[in-house]
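Colleague: Hi! Could you walk me through this one at a beginner's pace?

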Amino acid sequence: MTLRTEPWPAGTPCWIDVAVSDVRASSDFYAAVLGWDVAEPDEQHGGYVIASVDGAAAAGIGPKQDPDAPSAWTLHLATDDADATAAAAVEHGGVVLLPPGDVGPLGRLAVLADPTGATVGLWQAGTHIGCGVVNAPGGLAWEDLRSPAPDIARAFYAGVFGYSTEGVDMAPEDYTTFALPAGDPLGGIGGLMGADAPHWLVYLGVEDADAAAAAAEASGGRVVSAPVDTPFGRMAVLADPDGAVFTAMTLADPPA
């Protein structure tokens, strides 16, 4: 388990949130599947809530801004300067979907589309650093970019965040990990792998992937891909009642 109280280094996946049609119902779903503690929606924050694990922030759940838009998870990458990073993204072929703006004292937020069409957020920490718990049940454990043009995506993220990339044994040829200089892998970038559209897929830690899949079905979600053993842990791809897709991952060897 990794617990953190200081802002994440720039370029690190630092926060995730999901846009849904009913925050309370979705909170109940994720509590059942992931064991999250979720407060009642607060209209002061637009109905957005923060889910936690043993008091540490894990993810956000908020109402969809467009009722007709599909529900989806958004991955946010840490930045020390959201405005400068958004400008760099445009220089490297990205599009700013939501210009940088303050979220009260919590931090500064922007949302981009990379050149292959995947949405990704930027988070400049204020009082909210993002994830306080990762690599643990209920916490963010990994993330993959599913892209129709992974080479273009790699060039974009390398240009904006300075990532290096490396191939992975037993993975498709177009799949690589990405990392900050001299750092450990942070996630992966690869092809669509059967997905309908480019997106960042988040992997959330669970005690038992099979139990998480059963809980998802019992709570109104569905199993997209049944649990399967991998060299990295047992995984199941699940969808919440609104259709937002994520991977439940039993960590094979959770980091200390």
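Modeller: Happy to; we'll talk about a sheet, a helix and some salt bridges in this predicted model.

Colleague: Great. In what order do the eight strands of the open sheet come?

Modeller: The order is β3-β4-β5-β2-β6-β9-β8-β7, with mixed pairing. β3 and β7 stand at the edges, and each has a single partner strand, so one side of each has no neighbour in the sheet.

Colleague: And how does β3 run relative to β4, parallel or antiparallel?

Modeller: They run antiparallel, joined by two bridges. Asp37, for instance, has Ser52 in β4 as its bridge partner.

Colleague: Okay, new topic. Which strands does α1 lie across?

Modeller: α1 lies across β2, β3, β4, β5 and β6, and runs at about 145 degrees to β5.

Colleague: Is Val23 in that helix buried or exposed?

Modeller: Val23, part of α1, counts as buried because its relative accessibility is 9%, and the cut-off is under 20%. Its contacts beyond four places in sequence include Pro41, Val49 and Ile61.

Colleague: Nice. How many salt bridges are there in the whole structure?

Modeller: Eight turn up in a search. One of them pairs Arg24 with Glu40, with the closest N and O atoms 3.0 Å apart.

Colleague: What does that pair tie together?

Modeller: Arg24 is in helix α1 and Glu40 in the loop between β3 and β4, so the pair links parts 16 residues apart in sequence. Arg24 is partly exposed at 23% relative accessibility, while Glu40 is exposed at 56%.

Colleague: What about Asp210, which residue is its salt bridge partner?

Modeller: That's Arg234, with the closest N and O atoms 2.6 Å apart. Asp210 lies in helix α4 and Arg234 in strand β17, so this pair ties together parts 24 residues apart in sequence.

Technical notes
Residues numbered from 1 in each chain as written. Predicted model: local features only at pLDDT ≥ 70, side-chain atom pairs only at ≥ 80, totals over all residues. Heavy atoms only, no water. Helix = DSSP H or I, 4+ residues; strand = E, 2+ residues; numbered from the N terminus. Buried < 20%, exposed > 50% of the residue type's maximum accessible area, 1.4 Å probe, protein only. Contact = heavy atoms within 4.5 Å. Pairing = 2+ DSSP bridges. Axes fitted to C-alpha atoms, helices over the stretch in contact; angles between N-to-C directions. Salt bridge = Lys/Arg side-chain N within 4 Å of Asp/Glu carboxyl O.
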